[in-house]
Every structure is written in structure tokens, then in C-alpha cells.
Amino acid sequence: MPYHFEFDSTHRILRCRLEGGLTDESIKEYYRAVPKFVALTDPRASVFDLSAVTSLEVSPETVRELAKWPPAMPHPERPRIVIAASPAIFGLARMFELLGQVTRPNFHVVRSEKEALVILGVPQTNYEPVATK
């Protein structure tokens, strides 16, 4: 499962796009990578775009486990948005949202980028790859 971190420096939005198959291990790998990119960019919001995921092999147990982990992005007031176009991914993302709402009160699950932009209050974004040092 390839994932790519991008940053819109104008609006300070960090986005990660996942492509291909999503498994228990790959979602945990992604989750462990997030803090590095948050530290590099200090985003005011984050978008986790799962619209290009082609297969899903993530168990409800893994979702429960991840919801118990500390938030990958500090500052609970900052919006976190998951774009989940498929019904199965949407359901698992909503499960994560409900289980993690105490530590992630500004977490949203949407079906499209357009919905994400409305929540973020921006008309469009201009993402560029995050340069790692």
C-alpha cells in the first residue's frame, strides 16, 4: 500500500493519500508515520484520503486498537478528515470516529474531497509533496 504525504502551505493542510490495498499492518504503518510529517509541517488540519484504496482487509479489532492509540496529530481542536468513498471503508472510518471521539473531537468522515473542503472552509487546495529531511 503506497501512501503519499502532501501539504498545502497556504491553508496549512496535511494530506495523506493511500492507494491500493489496505491491511491491518499497512494502516498501522501509516499511523506510525504521521507524527513525523505533522512535526515537519505543523498543519492546522489533516486529510486522510482513502478514495484510491482498491481493497480492504482491516479488521474491526485493528480499528478499535488504533482508536485507543494517542492521536497521531496533537491539538484536538484541529480538524481531521477522512475521505472514504466506499461503503466498507466509510463504515470502518465511522467506527474509528465513534471510538476515538474523546481524544479526537474534531474528526470527520466524508465521502468526497468536496465535502472535506466545506468542513475546512477553503474553496480549493494546492498540495505539494512533503520534503523529508
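This dialogue goes through the sheet, the helices and one salt bridge of a predicted model.

Colleague: How should one begin with the sheet, and in which order do the strands stand?

Modeller: Strands of a sheet pair through backbone hydrogen bonds, in either a parallel or an antiparallel sense. In this model, six strands form an open sheet with mixed pairing, and their order is S5-S4-S3-S2-S1-S6. The edges are taken by S5 and strand S6 (128-129), each of which has a single partner strand, so one side of each is left without a neighbour in the sheet.

Colleague: In which sense do S1 and S2 pair, and over how many bridges?

Modeller: S1 and S2 are antiparallel, with six bridges between them. Histidine 4 has arginine 17 in S2 as its bridge partner. The hairpin of these two strands has four residues between them, and there arginine 12 adopts a positive phi near 55 degrees.

Colleague: Which sense of pairing joins S2 to S3?

Modeller: S2 and S3 run parallel and are joined by 10 bridges. One pair to locate is isoleucine 13 with its bridge partner alanine 45 in S3. Together, S2, H1 and S3 form a β-α-β unit, which is right-handed.

Colleague: What stands opposite valine 47, and in which strand?

Modeller: The residue opposite valine 47 is isoleucine 81 in S4. S3 and S4 run parallel, with four bridges between them. On the helical side of the description, H1 packs on the sheet and touches S1, S2 and S3, its direction making about 165 degrees with that of S2. H3 also packs on the sheet, where it touches S3, S4 and S5; its direction makes about 165 degrees with that of S5.

Colleague: How many bridges join S4 to S5?

Modeller: Strand S4 (residues 80-83) and strand S5 (residues 107-110) are parallel and joined by four bridges. Isoleucine 81 faces histidine 108 in S5 across this pairing. Between the two strands the chain passes through H3, in a β-α-β crossover that is right-handed.

Colleague: What does one state when describing two packed helices?

Modeller: The description consists of the angle between the axes and the distance between them. Here, helix H2 (residues 60-68) packs with helix H3 (residues 87-99) at an angle of about 35 degrees, and the axes are 9 Å apart. The crossing of H2 past H3 is right-handed.

Colleague: Which residues of H2 and H3 meet?

Modeller: From H2 come Pro60, Val63, Arg64, Leu66 and Ala67, and they meet Leu92, Met95, Phe96 and Leu99 of H3. Sorted by class, this contact has eight nonpolar residues, no polar ones and one charged residue.

Colleague: Returning to arginine 12, with which residue does its side chain meet in a salt bridge?

Modeller: Its partner is aspartate 42, at 3.5 Å from N to O. The structure holds eight salt bridges.

Colleague: Why does the pair of arginine 12 and aspartate 42 tie together parts that are apart in sequence?

Modeller: Arginine 12 belongs to the loop between strand S1 (3-8) and strand S2 (13-23), while aspartate 42 belongs to the loop between helix H1 (24-41) and strand S3 (45-57); the pair therefore ties together parts that are 30 residues apart in sequence.

Technical notes:
Residues are numbered from 1 along each chain as its sequence is written. This is a predicted model: local features need pLDDT of at least 70, side-chain atom pairs count only at pLDDT 80 or more; totals for chains, interfaces and linings use all residues. Side-chain values use heavy atoms; hydrogens and water are left out. Axes are lines fitted to C-alpha atoms, for helices over the stretch in contact, and angles run from 0 to 180 degrees between N-to-C directions. A crossing is left-handed if the near helix is turned anticlockwise from the far one by less than a right angle, and right-handed if clockwise. Contact means heavy atoms within 4.5 Å. Ala, Val, Leu, Ile, Met, Phe, Trp, Tyr, Cys and Pro count as nonpolar, Asp, Glu, Lys and Arg as charged, and the others, Gly among them, as polar. Two strands pair if DSSP finds at least two bridges between them. A crossover is right-handed if, with the strands pointing away from the viewer, the path from the first strand over the helix to the second runs clockwise. A salt bridge is a side-chain nitrogen of Lys or Arg within 4 Å of a carboxyl oxygen of Asp or Glu.
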